[in-house]
Amino acid sequence: MKEVLEELEVRRAKARAGGGPARIEAQHKRGKLTARERLQLLLDDGSFEEFDMYVEHRCIDFGMEQTKVPGDGVVTGWGTINGRVVYVFAKDFTVFGGSLSEAHANKMIKIQDMALRSRAPVIGLFDAGGARIQEGVAALGGYGEVFLRNVLASGVIPQISVIMGPCAGGDVYSPAMTDFIFMVKDTSYMFVTGPDVVKTVTKEEVTAEQLGGAIVHTTKSSIADGAYENDVEALLQMRRLMDFLPSSNLSGVPELPTRDPWNRLEPSLDTLIPDNPNKPYDIKELIHKVVDEGDFFEIQETYARNIVVGFARLEGRTIGIVANQPMVLAGVLDSDASRKAARFVRFCDCFNIPLVTFVDVPGFLPGTDQEYGGLIKHGAKLLFAFTEATVPKVTVITRKAYGGAYDVMSSKHIRGDINYAWPSAEIAVMGAKGAVEILYRAELGDAEKIKKRIDQYQTRFANPFVAAERGYIDEVIAPRGTRMRVARALQMLRNKHVENPWKKHDNIPL
């Protein structure tokens with residue numbers, strides 16, 4: 001037995017060595033951790049159980065039979081994050097550049113299948129150069145099997161992708177079908193075709209960073225949901241994110257202990273809204289002051305900043321926040337903001353995460369760029385997402401709620417459960433000035449009359465009481481009591497149950 005145990009340790013040591021000391025050192029020189037170092041940081045100490053450590057590829061073409069490394073470029077297994085089970089795979093760039101072979105894909109597929117059966121999240125750490133060319137269609141078939149499982153698991157278990165190096169070609173489509181993608185600045189990039197192909201086909205000269213770096217995908221393409229300075233920060237933030245997410249669509253939201261009283265009043269909110277209705281304020285100040293201990297995990301912070309989405313807690317239980325941001329474009333809805341918020345709302349609905357919506361929206365952004373870019377259909381995505389969502393939905397209108405954007409932002413008319421308004425709320429078809437210029441066009445030459453008409457319109461409509469009279473607003477609340485009122489509403493809605501008409505699936509306007 002002693003010899004067998006010694007052989008076991010030799011084999012384990014060889015597998016754990018990956019591509020060897022020289023390649024590990026090269027990985028470190030790039031500012032990157034190895035696959036196993038990343039998993040050690042991501043998971044609780046001593047919790048990682050590795051599977052298929054000894055798997056090797058079976059390719060015999062192009063001399064590949066002479067080059068075999070145990071593990072074949074991906075480390076797979078399971079562990080815990082703050083005591084909760086997660087399944088993981090980490091591409092190992094030190095072995096064949098992390099490229100995907102048939103055996104490599106089978107290791108990933110096993111993890112995906114186990115996660116789905118166990119109803120536990122999957123986290124993938126990507127650092128790879130795409131398909132292994134030597135294996136041809138066998139590698140492509142492996143990709144297809146991985147993609148299939150991404151789709152089957154969608155809406156059943158959370159799927160998180162962290163891009164920590166190159167992610168190109170077929171590799172990009174698996175992350176694209178997961179729930180969230182996060183990147184590491186300067187060391188990670190994603191693109192379907194690389195700079196050399198782009199130069200050949202379009203004559204454009206572009207670097208990998210310019211084509212698919214973290215800044216591009218968090219500010220322009222919206223592919224990534226966040227970017228971090230280095231591997232360590234990214235992995236620690238993933239641990240934080242997982243504390244907000246349910247294990248599956250049936251598990252219920254996590255509940256963490258909190259010392260923040262649910263009925264805490266926040267008097268400073270009484271002065272958050274400026275006296276001048278055209279002056280902005282930071283909606284994030286409201287969010288931080290309402291949620292437990294000011295802890296807010298924002299999603300897509302640097303993209304479509306006129307809307308804010310992310311996770312927080314009330315009474316220790318996860319909630320999803322959607323809020324217009326008056327600091328950017330006055331909080332208007334445009335195509336980018338609508339898509340961003342719609343995807344987030346649908347994620348929350350998939351996993352039974354209650355939604356809290358803070359509304360200060362002057363309407364949809366006008367202009368030919370928006371109309372030509374499909375604003376109608378993109379705006380409808382957010383309308384569709386809020387309407388189909390069956391989770392508890394609590395809405396607070398802080399200031400402006402104008403036009404169709406009022407309806408879209410989780411109004412009572414699209415099945416908002418509890419709809420509150422601050423006394424500063426203005427619920428109307430449009431602002432007073434624009435409305436008067438249409439209603440009293442014949443009087444536009446008389447400035448004094450027009451001013452009087454604007455004052456009359458504001459007195460009649462620039463308040464929440466017309467909507468409250470019709471039952472569209474459940475209560476006009478004091479700003480300082482927002483946390484308490486939202487918390488109580490969520491307490492009341494905890495056992496909410498809604499059944500939509502049977503359908504194979506909906507047909508959201510993509």
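Where in this structure is the place of G142? The close-ups below start there, and the model they show is a predicted one.

**View 1. G142 sits within helix 5.** The place of G142 is in helix 5, and with a relative accessible area of 6% this glycine is buried. Setting aside neighbours within four places in sequence, you will find G142 in contact with L100, A105 and I109. A useful landmark is A131, which is 11 residues from G142 in sequence and 9.1 Å from it in space, C-alpha to C-alpha.

**View 2. Helix 4 packs with helix 5.** Here we step back to take in helix 4 (residues 102–118) and helix 5 (residues 137–153), whose axes are 9 Å apart and make an angle of about 15 degrees. Angles under 35 degrees count as roughly parallel, so helix 4 and helix 5 are roughly parallel to each other. Their crossing is left-handed. On the helix 4 side, the contact is made by E102, A105, M108, I109, Q112, D113 and L116. Helix 5 brings A138, G142, E145, V146, R149, N150, L152 and A153 to the contact. Sorted by class, the contact of helix 4 with helix 5 has 8 nonpolar, 3 polar and 4 charged residues.

**View 3. Helix 3 meets helix 10.** This view shows helix 3 (residues 35–42) packing with helix 10 (residues 231–242) at an angle of about 40 degrees, their axes being 9 Å apart. Because of that angle, helix 3 is oblique to helix 10. Helix 3 passes helix 10 in a right-handed crossing. Look for R38, L41 and L42 in helix 3, which meet D231, V232, L235, M238 and R239 in helix 10. The residues of this contact of helix 3 with helix 10 divide into 5 nonpolar, no polar and 3 charged.

**View 4. Q370 is a buried residue of helix 13.** Q370 lies in helix 13, which covers residues 368–372. Its relative accessible area is 15%, and because buried means under 20%, Q370 counts as buried. Not counting residues up to four places away in sequence, Q370 touches D334, S335, L365 and L375.

**View 5. Cysteines C348 and C167 are buried.** If you are looking for disulfides, the structure holds 0 of them. Why is the sulfur of C348 not in a bond with the closest cysteine sulfur? That closest sulfur, in C350, is 9.2 Å from the sulfur of C348, too far for a bond. C348 counts as buried at 0% relative accessibility. C167 is also buried, with a relative accessible area of 0%.

**View 6. L329 has a positive phi in a loop.** For context, most residues other than glycine have a negative phi. Phi of L329, however, is near 55 degrees, a positive value in a residue other than glycine. L329 lies in the loop between strand 12 (317–324) and helix 12 (335–350). Is L329 buried or partly exposed? At 47% relative accessibility, L329 counts as partly exposed.

**View 7. S410 is a buried loop residue with a positive phi.** S410 is found in the loop between helix 15 (403–408) and strand 15 (418–421). Phi of S410 is near 55 degrees, a positive value in a residue other than glycine. With a relative accessibility of 1%, S410 counts as buried, whereas L329 in the previous view counts as partly exposed.

Definitions and conventions: Residues are numbered from 1 along each chain as its sequence is written. This is a predicted model: local features need pLDDT of at least 70, side-chain atom pairs count only at pLDDT 80 or more; totals for chains, interfaces and linings use all residues. Side-chain values use heavy atoms; hydrogens and water are left out. Helices (H or I, at least four residues) and strands (E, at least two) are DSSP runs, numbered from the N terminus. Buried means under 20% relative accessible area, exposed over 50%, partly exposed in between (1.4 Å probe, protein chains only). Contact means heavy atoms within 4.5 Å. Axes are lines fitted to C-alpha atoms, for helices over the stretch in contact, and angles run from 0 to 180 degrees between N-to-C directions. Angles under 35 degrees count as roughly parallel, over 145 as roughly antiparallel, 65 to 115 as roughly perpendicular and the rest as oblique. A crossing is left-handed if the near helix is turned anticlockwise from the far one by less than a right angle, and right-handed if clockwise. Ala, Val, Leu, Ile, Met, Phe, Trp, Tyr, Cys and Pro count as nonpolar, Asp, Glu, Lys and Arg as charged, and the others, Gly among them, as polar. A disulfide is a pair of cysteine sulfur atoms within 2.5 Å.
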